Amino acid sequence: MLDKRKFYINGEWVEPAAQNDLYVLNPATEKPIAVISLGTAVDVDRAVAAAKRAFETYGRTSLEERLALLEKLLAIYKRRYDEMADTITAELGAPKTMSREQQADVGVGHLQGYIDALKRLKLREKLPNGDTLMREPIGVCGLITPWNWPANQIALKVVPALATGCTCVLKPSEFTPLNAMLYAEMIDEAGFPRGVFNLVNGDGLHAGAALSKHKDIDMMSFTGSTRAGIAVSKDAADTVKRVTLELGGKSPNIVFADADLEERVKASVLECFNNSGQSCDAPTRMLVERSAYEDVVAIARRAGREATVGDPTREGAHIGPLVSHIQYERVQALIEAGVGEGARLLVGGPGKPEGFETGYFVKPTIFADVDNAMRIAREEVFGPVLAIMPFDTEEEAIAIANDTSYGLAAYVQTGNPERAERVAARLRAGMVHINGGPHRYGSPFGGYKQSGNGREGGTFGLEDFLEVKTVHLPDAA
């Protein structure tokens, strides 16, 4: 078992202020693989102080200097790529193939996307009225990342902070801290100045709240549940710091009868189940035109039965466990609610898959005949659970799709390009995927309504970490 109780503060691995151990469990075996420390406000104070000192000089570095550091980081990440993939498999339970092809790959893709965006960024420009506009780093940033796509969110927050000249303190999820500590090693090896990047492990109630409330933090960037995002916003309000949030989702997937049903429905089921359903933008509500409804139900049932659960250390396209016992119980409660509220169970259901009594494994589950008022249609399940419901008209589909407190992503399947554009324009979501169109590195990621605010990735992700200053010269005209 790994001893990972130290924090990375001011360029060194240091002992925590108090002994408060937490065991990191492998979700497939339920056995501890590491021990970490849960940080306190004292640890956060030390990290913020280091970041504040470092900002005095790092905030004045040139764009070229920061680009050179990011290029070094990219080379190191590529060299240690397999370490990152294996670490995420061990602590999250992401199957080996998925971890290597998706979970670890985002660390390369987002970093390269930010490097490309930084090269295009204008830090100084002349406005049409003659005034000068300058973009400057916002300062010291508190970054809180989740467990479901850990390297993804670290890259989407840490990289733009470092790229723009900010300094930062990262608090990763206590369920998946090991990939963050590996990332800290890479940053250290790349040669970033002392105090520019700091890492304190801990839970949200203590370390996370200490960051959000801290008077010397200029910005908070948080990814996680909507409930926790609200708490971060309230904690940050007293010091009027900038807050960006990437929160939950209940993404609609509108399937019209003119779509390639066999291809698009099967792909949609697999996307819903990807990462064991633990993705905020997963297409968890499938809205189907009534004339194709039973055909879609049959295809979805078949795809669901073909989905398998397996050992995450093995290669393959199978589904791994959920991250924790807490998450397992939450998903089980919602599956049972679906059964209790009268949805038609097509595949899966409550309990663990046969042969997987140990580990936080869940049966891939599909419900049909779901009403949009049911809990499985309203609440973010965050497990491999799909809800299918019918609609009669395009207007009704749009109404059902938008009838949610979330607005992160939406999906449209149709053979009619004009309809696709028309429907996409009316969906209240930050991202719309048409006929399987993927999210590409460098494009903004984020949502409407209670799915958060701000955008991550590429140029938009950099701008969230920048202040805008206008310089008014006497001879501007």
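Two strands pair if DSSP finds at least two bridges between them. Strands (E, at least two residues) and helices (H or I, at least four) are DSSP runs, numbered from the N terminus. The model is predicted: local features need pLDDT of at least 70, side-chain atom pairs count only at pLDDT 80 or more, and totals for chains, interfaces and linings use all residues. Residues are numbered from 1 along each chain as its sequence is written, and side-chain values use heavy atoms, with hydrogens and water left out.

**Exercise 1. Strand β9 and its partners**

Task: Find which strands pair with β9, and in which sense.

Solution:
- Step 1. Start with strand β8 (residues 140–144). Five bridges join β8 to β9, and the two run parallel. I144 has K171 of β9 as its bridge partner.
- Step 2. Go on to strand β10 (residues 197–199). β9 and β10 pair in the parallel sense over three bridges. Here L170 stands opposite L199 in β10.
- Step 3. Trace the connections. β8, helix α6 (residues 150–164) and β9 make a right-handed β-α-β unit. Right-handed means that, with the strands pointing away from the viewer, the path from the first strand over the helix to the second runs clockwise. β9, helix α7 (residues 178–190) and β10 make a right-handed unit too.

**Exercise 2. The surroundings of β9**

Task: Decide whether strand β9 (residues 167–171) is enclosed or open, and say why.

Solution:
- Step 1. Fix the scale. Buried means under 20% relative accessible area, exposed over 50%, and partly exposed in between (1.4 Å probe, protein chains only).
- Step 2. Check each face. T167, V169 and K171 are buried on one side, C168 and L170 on the other.
- Step 3. Conclude. Five of the five residues are buried, so β9 is largely enclosed by the rest of the structure.

**Exercise 3. Strand β12**

Task: Name the strands that β12 (residues 242–246) pairs with.

Solution:
- Step 1. β11 and β12 pair in the parallel sense over five bridges. The bridge partner of F222 in β12 is L245.
- Step 2. β11, α9 and β12 make a right-handed β-α-β unit.
- Step 3. Strand β22 (residues 452–453) runs antiparallel to β12, joined by two bridges. In β22, G452 is the bridge partner of E246.
- Step 4. Add the burial. Four of the five residues of β12 are buried, and the strand is mostly covered.

**Exercise 4. Domains and cores**

Task: Locate the largest nonpolar core relative to the two domains.

Solution:
- Step 1. Set the bounds. Domain 1 is 2–247 + 451–471 and domain 2 is 252–434. Such bounds come from an automatic or database domain assignment.
- Step 2. Find the core. A nonpolar core is a set of buried Ala, Val, Leu, Ile, Met, Phe, Trp, Tyr and Cys residues joined through side-chain atoms within 4.5 Å. The largest has 68 residues; Y77, M84, V158, Y183, F192 and F197 have the most contacts inside it. α6 gives the most to this core, with nine residues.
- Step 3. Place the core. Domain 1 and domain 2 both give residues to it, so it lies between them.
- Step 4. Look for a second one. Apart from it lies another core, of 30 residues, including L322, L334, I376 and M389.
- Step 5. Describe the interface. The C-alpha centres of domain 1 and domain 2 lie 31 Å apart. The contact (heavy atoms within 4.5 Å) takes 27 residues from domain 1 and 30 residues from domain 2. The two domains bury about 2,200 Å² between them, 54% of it on carbon and sulfur atoms. Buried area is the accessible area (1.4 Å probe) that two parts lose on being put together, summed over both.

**Exercise 5. Three loop residues**

Task: Sort T284, D369 and D371 as buried or partly exposed.

Solution:
- Step 1. T284 is in the loop between α10 (261–273) and β14 (285–289). Its relative accessibility is 10%, so T284 counts as buried. Leaving aside neighbours within four places in sequence, T284 is in contact with K250, S251, C272, V385, L386 and A387.
- Step 2. D369 is in the loop between β16 (365–368) and α13 (375–378). At 35% relative accessibility, D369 is partly exposed. Phi of D369 is positive, near 55 degrees. Most residues other than glycine have a negative phi.
- Step 3. D371 is also found in the loop between β16 and α13. With a relative accessible area of 44%, D371 is partly exposed.
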